[in-house]
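User: Hi! I've just opened this one and could use a friendly walk through it. Can you help me get my bearings?

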Amino acid sequence: MPVRSTRRTFVGVTALTLAFSVIAFTQAAYAGKPVGSDKGATTEETGGGDGTGIYATARITYSGSVAANGSKGNVTSADVNWTPPPCWYAPYLGAKDFKKKMSQDIESQMNAPGMGGHAGAALSELKRHYEDEYGWTDTPGYKDYNVDKDGEGMFWAAVENPDEPDLLKRNSCNDLPFWVDNGEAPPPQYEQAVTPEILAALAYQHMQLPDTEVSLAPEQTTKVNLPTWAWLDKAVFDEVQATAAINVPGFNIEATTTARPVSLTLEPGTDDAVTYPASGECVINNDDSIGEPYARGKANRTPPCGIKYLRSSGNGTYNLQATITWDISWTGTGGAGGDLPDGTFGNGQAVTVQEIQAVNR
């Protein structure tokens with residue numbers, strides 16, 4: 001079996017990557033589209049057989065409280081340094097399907113006008129890699145695209161996260177498609193191979209939290225220097241879950257991300273106001289509610305959660321921002337699990353503040 005050293009020279013992995021890039025950028029770039037495709041996976045997408053071969057492209061399926069049509073959810077990470085994975089590797093095609101796809105693309109590009117020099121040589125090396133066992137120390141080549149093992153595993157390929165705005169990060173999973181036997185873990189050098197933890201981060205990215213409309217007393221219209229009570233009943237919000245899963249022959253993993261509300265932050269929409277408590281952060285109560293509903297007889301009390309406006313809103317309104325902070329954790333296949341950064345989501349509410357009218361006698 002021909003083997004090359006780990007030194008990444010032109011006739012080694014660099015050539016193969018270049019050749020694969022030629023195909024990826026001139027054909028449908030399947031290196032970047034096996035999971036989720038252009039606009040991200042949707043809740044209807046599944047893996048399995050198709051009409052052209054044994055195995056179709058693996059897709060991530062989302063369920064639970066997720067945004068429609070696989071779009072990005074409304075959660076904002078409280079950790080500005082945390083981002084979902086920009087790309088990953090996932091099951092792509094069975095051996096026969098991969099051979100059909102890859103060999104056609106290689107031949108098409110090799111026969112294209114002007115395809116010579118480095119690009120032509122790279123395509124030849126790419127062909128040798130999948131047909132004639134050309135490889136290097138940590139990446140063996142394949143004999144006839146592994147067709148004698150069809151049904152016993154799948155080729156894995158890179159997947160871009162369509163919601164990652166940085167093109168360089170999105171394209172950072174640039175290794176060639178590689179084979180993984182059913183039931184086996186991907187080779188250790190592919191650190192970005194999809195795992196339950198990666199799925200948990202993607203579920204986080206697609207999670208849709210409920211709108212936050214705070215109950216107020218007085219409602220909508222209040223008075224200058226009159227404490228306005230704010231609260232959220234337990235029935236208004238509860239924990240939210242989103243699940244991401246991959247289910248293909250020989251590879252089935254999933255992760256569920258759970259968000260639990262822990263506090264409510266009030267921003268009055270003007271500097272001419274004070275909040276209760278002074279921090280503006282109302283913590284969750286023992287009964288999982290936040291704040292305390294106003295009731296007759298509490299007029300002279302200070303609300304545990306609320307606002308006092310010091311100036312009239314005039315002919316307009318103040319935009320009260322009510323933001324809930326959610327504690328987010330995940331569990332996944334094999335008992336894996338852990339914490340993810342807190343998430344936040346909030347809404348604006350228009351509040352009219354009037355001067356208290358005095359009557360002179």
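User: How many bridges join strand E9 to E18, and do they run parallel or antiparallel?
Analyst: This is a predicted model, and in it E9 (residues 221-223) and E18 run parallel, joined by 3 bridges.

User: Which residue in E18 does Thr222 stand opposite?
Analyst: That would be Val353.

User: OK, and what about strand E3 and E18, parallel or antiparallel?
Analyst: Antiparallel: strand E3, residues 76-77, pairs with E18, residues 337-354, over 2 bridges. Within that pairing, Thr76 has Thr344 of E18 as its bridge partner.

User: How many bridges join E17 to E18?
Analyst: There are 13, and the two strands run antiparallel, with E17 covering residues 318-332. One of the facing pairs is Thr331 and Gly337, the latter in E18.

User: What sits between the strands in the hairpin of E17 and E18?
Analyst: The hairpin has 4 residues between its strands, and Gly334 takes a positive phi near 80 degrees there.

User: Switching topic: which residues touch the most other members in the largest nonpolar core?
Analyst: Tyr130, Val194, Ile246, Leu264 and Leu266 do, out of 76 residues in that core. E17 turns up again here, giving the core its largest share, 7 residues.

User: Why would nonpolar side chains end up together?
Analyst: As a general tendency, nonpolar side chains in soluble globular proteins are buried together.

User: And Tyr130, what is it in contact with?
Analyst: Setting aside neighbours within four places in sequence, Tyr130 is in contact with several residues, including Phe98, Met102, Tyr142, Phe155 and Leu176. Lys143 and Asp144 are also among its contacts.

Note on methods. Residues numbered from 1 in each chain as written. Predicted model: local features only at pLDDT ≥ 70, side-chain atom pairs only at ≥ 80, totals over all residues. Heavy atoms only, no water. Pairing = 2+ DSSP bridges. Core = buried A, V, L, I, M, F, W, Y, C linked by side-chain atoms within 4.5 Å. Buried < 20%, exposed > 50% of the residue type's maximum accessible area, 1.4 Å probe, protein only. Contact = heavy atoms within 4.5 Å.
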